[in-house]
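Student: Could you take me through one part of this model up close, and then show me what else is going on around the chain? I'd like the hairpin and its turn to come before anything else.

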Amino acid sequence: MREPRRETQVFIVSFCLTLITLGSVLLLALFLFRLTSASDPSGEDAALLPSDVVETEDLSMLLIGCGSLAEEPPLIWLISYSGDDGSLEISVLPPDTLCTSENRTDTLAGHYTYGGILGLRRAVYALTGCLPDRYLRLERAGIAALADQLGGLSATFESSFSIGKEDFLPGEQHLSGRKLAVLLLSQTADGRSDCTAQAEWGGRLLDEKLSRAAGTDSLFFDTLFEYGETNLTRYDLMLRQEHFAKTAADRSIRFLILEGTYDASLLAMQPNENSLEEIKRQHAARLSSDSGQSP
């Protein structure tokens with residue numbers, strides 16, 4: 001058999017090298033194109049970026065606090081933020097409140113267990129008429145971490161008491177985030193969420209520490225996004241930082257607890273109509289802006 005001529009061998013080697021070179025160039029060009037498209041805000045993702053949102057935009061949020069993800073939430077707050085003056089209207093909703101959502105009657109906690117955050121959001125909308133724009137779910141560890149990031153809270157107790165494994169001594173003391181989380185998620189003697197304690201300790205934290213959160217936004221926001229499950233964005237918080245940084249005297253924070261008649265046999269509370277109407281009025285600004293939404 002005759003061996004290939006040298007010219008043929010050189011041609012084959014050159015052709016292969018050319019193919020390899022062209023392939024490498026094409027792969028590099030494709031990579032650079034995809035990289036540029038991903039970082040270019042003028043593409044399809046541009047619609048997802050903030051555009052004409054301003055500080056005067058109102059915002060509502062569903063805050064869910066639970067010991068762990070496997071437990072029903074003892075803390076359910078509906079929070080409305082006013083873009084005009086930075087005021088906060090906070091409705092404390094007992095988790096055992098009965099309401100009908102999606103043709104299903106259950107407690108708020110039951111709607112959460114059945115349908116998760118989305119199910120609870122729909123139930124809150126059915127109950128109050130206010131559809132929360134955002135949600136934030138925190139476990140006990142997350143609440144404790146955020147409270148610690150804010151510097152804890154000073155308190156004075158007349159007598160000693162215990163909640164679970166946490167002991168509270170009489171006299172003046174500084175509460176750590178762990179103890180504050182226990183107080184916020186505590187229960188009454190009959191096993192219901194202690195909504196009065198939630199309003200008291202939550203109000204004190206917001207009154208005394210909200211301006212600190214705005215002043216240390218990087219660390220506080222890092223902690224929030226590390227521990228919280230949320231659709232909040234840094235943009236949401238930074239946009240409203242000026243209002244958050246106001247002193248307590250210049251900021252309005254109002255808590256309102258939903259009242260009702262508790263049925264121990266059903267382990268559920270039928271909301272009082274007058275109390276529910278007051279909560280609906282409390283979130284009237286959000287009701288008007290949410291009128292075109294659907295849950």
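Tutor: Sure, let's begin with the pairing itself: S4 and strand S5 (residues 104–107) run antiparallel and are joined by four bridges. Keep in mind throughout that this is a predicted model. In general, strands of a sheet pair through backbone hydrogen bonds, in either a parallel or an antiparallel sense. One pair you can pick out on screen is Cys99, which stands opposite Asp106 in S5.

Now look at which way the side chains of strand S4 (residues 98–101) go, since they alternate. Cys99 and Ser101 point to one face and are buried, while Leu98 and Thr100 point to the other face and are not buried.

Next comes the turn. S4 and S5 form a hairpin with two residues between them. Glu102 sits in that loop, and its phi is near 55°, a positive value in a residue other than glycine. Asn103 is in the loop between S4 and S5 as well, with a positive phi near 60°, and Asn103 is not a glycine either. As background for reading those two angles, most residues other than glycine have a negative phi. How about solvent? Glu102 has a relative accessible area of 57%, so it counts as exposed. Asn103 has a relative accessible area of 82%, so it is exposed too.

Let's move to the sheet. Six strands make up an open sheet of mixed pairing, in the order S11-S6-S1-S2-S3-S12. Its edges are strand S11 (229–230) and strand S12 (253–257), each of which pairs on one side only. At the S11 edge, S6 and S11 pair in the antiparallel sense over two bridges, and there Arg137 stands opposite Glu229 in S11. Helix H2 (residues 108–128) lies across S1, S2, S6 and S11, and it runs at about 150° to S1.

Some of these strands turn up again when you look for empty space. Rolling a probe the size of a water molecule over the atoms shows where such space is left. Searching the whole structure gives one cavity of 30 Å³ or more, and the largest cavity holds about 760 Å³ of space. It is lined by 35 residues, and those nearest its centre are Met61, Leu63, Leu136, Leu206 and Phe220. Where does the lining come from? At least two residues each are supplied by strand S1 (59–66), strand S2 (75–81), strand S3 (88–92), strand S6 (134–139), helix H3 (140–149), helix H5 (195–215), helix H6 (217–227) and helix H7 (234–239). H5 gives the largest share of that lining, with seven residues. By class, the lining of the largest cavity has 28 nonpolar, four polar and three charged residues.

Set that beside the largest pocket, which has a volume of about 520 Å³. It is lined by 24 residues, with Pro74, Leu185, Gln187, Gly191 and Ser193 the closest to its centre. The lining of the largest pocket divides into nine nonpolar, seven polar and eight charged residues.

Two other spots are worth a look for burial. Helix H4 (residues 177–184) has seven of its eight residues buried, so it is largely enclosed by the rest of the structure. The buried residues are Gly177, Lys179, Leu180, Ala181, Val182, Leu183 and Leu184; note that a lysine, Lys179, is among them. Then try Thr156, which lies in strand S7 (residues 153–157). Thr156 has a relative accessible area of 58%, so it is exposed. Leaving aside neighbours within four places in sequence, Thr156 is in contact with Gly171 and Glu172. The C-alpha atoms of Thr156 and Pro170 are separated by 7.0 Å, with the two residues 14 apart along the chain.

Finally, zoom out to the whole chain. The protein chain has ten helices and 14 strands, and buried residues make up 42% of its 295 residues. Among contacts between residues at least 6 apart in sequence, 60% join residues at least 24 apart. If you go back to the hairpin after that, its turn is where Glu102 has a positive phi of about 55°.

Key: Residues numbered from 1 in each chain as written. Predicted model: local features only at pLDDT ≥ 70, side-chain atom pairs only at ≥ 80, totals over all residues. Heavy atoms only, no water. 1 Å grid on protein atoms, 1.4 Å probe; cavity = no way out; pocket = protein on both sides within 12 Å on 5 of 7 lines; lining within 4 Å. Points joined across faces, edges and corners; volume = space filled by probe spheres on them. Nonpolar A, V, L, I, M, F, W, Y, C, P; charged D, E, K, R; others polar. Buried < 20%, exposed > 50% of the residue type's maximum accessible area, 1.4 Å probe, protein only. Contact = heavy atoms within 4.5 Å. Pairing = 2+ DSSP bridges. Axes fitted to C-alpha atoms, helices over the stretch in contact; angles between N-to-C directions.
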